[in-house]
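Here are a few short exercises to work through with the model open. Try each one yourself before reading the solution.

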Amino acid sequence: MVQCPDRIIASMDTGVDDALALAYLLGSADECELGGVIAGYGNVDANTAYANTCAVLDLFGRADIPVFLGSEHPSWADAFIPDAGCAQFHGDDGLGNTRLAGFGALADGAGVPGDDMSVDVPDEVVSVGGYLAGDVHAHPALGACSRVNRSQSVDHPQSAMPTALASGGKRRCSVDAADGIEYLIEQVREFGRDVTVLATGPLTDVDAAITRAPDIASKLRLVMMGGTLTQPGNCWDAVAETNIIQDPEAANRVFHSGADITMVGLDVTHQCLLPQSAADRWRATGTKRGRFLADLADFSIKANLEADPALFSGGMPLHDPLAAAVALDSSLVDCFDLALRAETNTGDFNGVRGRTTGDPVGLVNHSMPHVHVALGVDSGRFLDEFVERMAEVCR
C-alpha cells in the first residue's frame with residue numbers, strides 16, 4: 001500500500017456521499033489524521049453543510065475535529081440557492097432526509113421559491129445549482145430560499161444551533177469557525193504536501209485559498225472529486241459534472257495553478273457501486289451509527305436507481321468515498337496525466353460550460369501544469385475495504 005499522508009483537510013458540501021466519505025475517514029484513524037473540515041455550498045447551502053458536518057462528527061464521537069465555514073457561493077455569483085437535482089439525490093436536508101442535524105431545508109425560515117426567482121438586491125447575481133437564476137435549467141430545490149441576501153459575516157452559522165443542542169452542547173461554535181479559507185492556507189503553509197486537501201464539493205474554497213495566497217500552489221496536494229473526461233456528465237447537458245458546473249471558473253484556475261492534483265471523476269466513481277447488501281449489513285449492527293449509514297445508502301440507492309436503472313442497477317456510485325480512499329491510497333486508481341481545463345462558456349469555439357477536457361495549449365507547451373486524471377480503478381478492492389471499514393465504524 002502506498003504510504004498515506006500524515007494529515008487530511010477536507011472541503012465538503014456535506015450531502016449523502018460526503019457524509020459517507022467523512023465516516024470512512026473517521027474509520028481510518030490508524031492511517032490518517034483528519035485535521036479539520038471546511039463546509040461550504042454545493043449539495044446544500046453552506047450553513048446546512050456546516051451543521052451536517054458537525055452532526056456527523058458528533059455522531060461518531062469526534063466533536064474534537066474543528067469545522068470551518070467555507071464559501072457560501074461560487075466565485076462568479078453573489079449568492080447561491082440549492083437546486084432540485086441535488087435535493088433529489090441528497091434529500092432536502094442534505095442527509096437523505098434523516099434530519100440528523102435537526103432541521104430541513106427551511107432552517108432559515110424562508111418560503112417555497114416562486115417562479116420569478118426574485119431577490120432582495122436588484123443587481124444580485126444568483127447561482128441556482130450552478131446555473132444563473134432565470135436560466136431554463138435553474139430549478140431551485142423545494143423549500144430553498146427565493147429571497148436571497150448578499151453573503152454576510154457569519155459568527156455562528158444559523159444551522160449549527162440544532163447540532164450543538166442535539167449533541168448536548170459539546171461542540172463549540174465560535175468565531176474561529178468563520179474562515180475556512182484562511183485555515184486551508186495556514187495548513188498548506190505549515191505542512192506542505194504532508195497535508196492532503198480532499199475536495200468533495202466545488203473547488204471554490206481551494207481557488208479562494210490560492211487566490212488569496214498564491215505561494216501555496218506549488219506546495220498544495222489536492223485530491224478532488226469532480227469532472228469527467230471519458231464519460232457523459234451528470235448535469236442537464238450530459239456533459240458537465242455537478243461539482244465543476246457549480247464553479248467552472250474556480251476549477252479552471254485550480255487546474256492551471258501548478259498544484260499537485262488528482263481528479264477522481266465519473267470515469268471511475270461510476271465503476272464503484274455500493275450494493276443494497278452493504279446497507280443491510282450496516283443496519284444489522286443495531287447501532288445508531290449503523291442505522292444512519294444504512295439510511296444514507298438506502299436513500300441514495302433508490303434515488304440513483306430511479307434516475308438511471310441501467311447505470312445504477314448495482315447500487316449507488318461512491319463518488320466522495322472513492323476520492324477519500326484515493327487520498328489515503330493512490331494505488332487504487334490508474335491515472336492519465338494531461339493539461340486540463342474546465343470550460344467556462346457555452347457556444348461556438350467555446351464548448352459547453354462545466355466540461356472538463358484537455359487543454360490544447362498543453363499539446364504545444366509541455367511546461368503547462370498537468371493533472372492526474374483517474375481513468376482506471378480497482379473497484380473490487382476499494383468496495384471490499386470500504387464496506388468492511390464502515391461496518392467497523394458502525395460499532
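This is a predicted model, so keep that in mind as you go.

**Exercise 1.** Is Cys272 buried or exposed, and what about Cys235? Then work out how many disulfides the structure holds.

*Solution.* Start with accessibility: Cys272 comes out at 0% relative accessibility, so call this residue buried. Cys235 sits at 16%, and since buried means under 20%, Cys235 makes the cut as well. Next, look at the sulfurs. The closest cysteine sulfur to that of Cys235 belongs to Cys86, 8.5 Å away, which is too far for a bond. A disulfide would need the two sulfurs within 2.5 Å. The final tally for the structure is zero disulfides.

**Exercise 2.** Which strands pair with β9, and in what sense?

*Solution.* Take strand β8 (residues 221-225) to begin with: five bridges join it to β9, and the two run parallel. Within that pairing, Val223 is opposite Thr262 of β9. Now turn to strand β15 (residues 371-377), which also pairs with β9 in the parallel sense, over two bridges. Here Thr262 has His372 as its bridge partner. Last, check burial: β9 spans residues 260-264, and four of its five residues are buried, so the strand is largely enclosed by the rest of the structure.

**Exercise 3.** Which residues have the most contacts inside the largest nonpolar core?

*Solution.* That core has 71 residues, and the ones to pick are Trp282, Leu293 and Phe386. Follow Phe386 outward, skipping residues up to four places away in sequence: its contacts are Leu20, Tyr24, Leu274, Trp282, Leu318 and Pro321. There's also a second, separate core of 33 residues, including Ala259 and Ile261.

How values were computed: Residues numbered from 1 in each chain as written. Predicted model: local features only at pLDDT ≥ 70, side-chain atom pairs only at ≥ 80, totals over all residues. Heavy atoms only, no water. Buried < 20%, exposed > 50% of the residue type's maximum accessible area, 1.4 Å probe, protein only. Pairing = 2+ DSSP bridges. Core = buried A, V, L, I, M, F, W, Y, C linked by side-chain atoms within 4.5 Å. Contact = heavy atoms within 4.5 Å.
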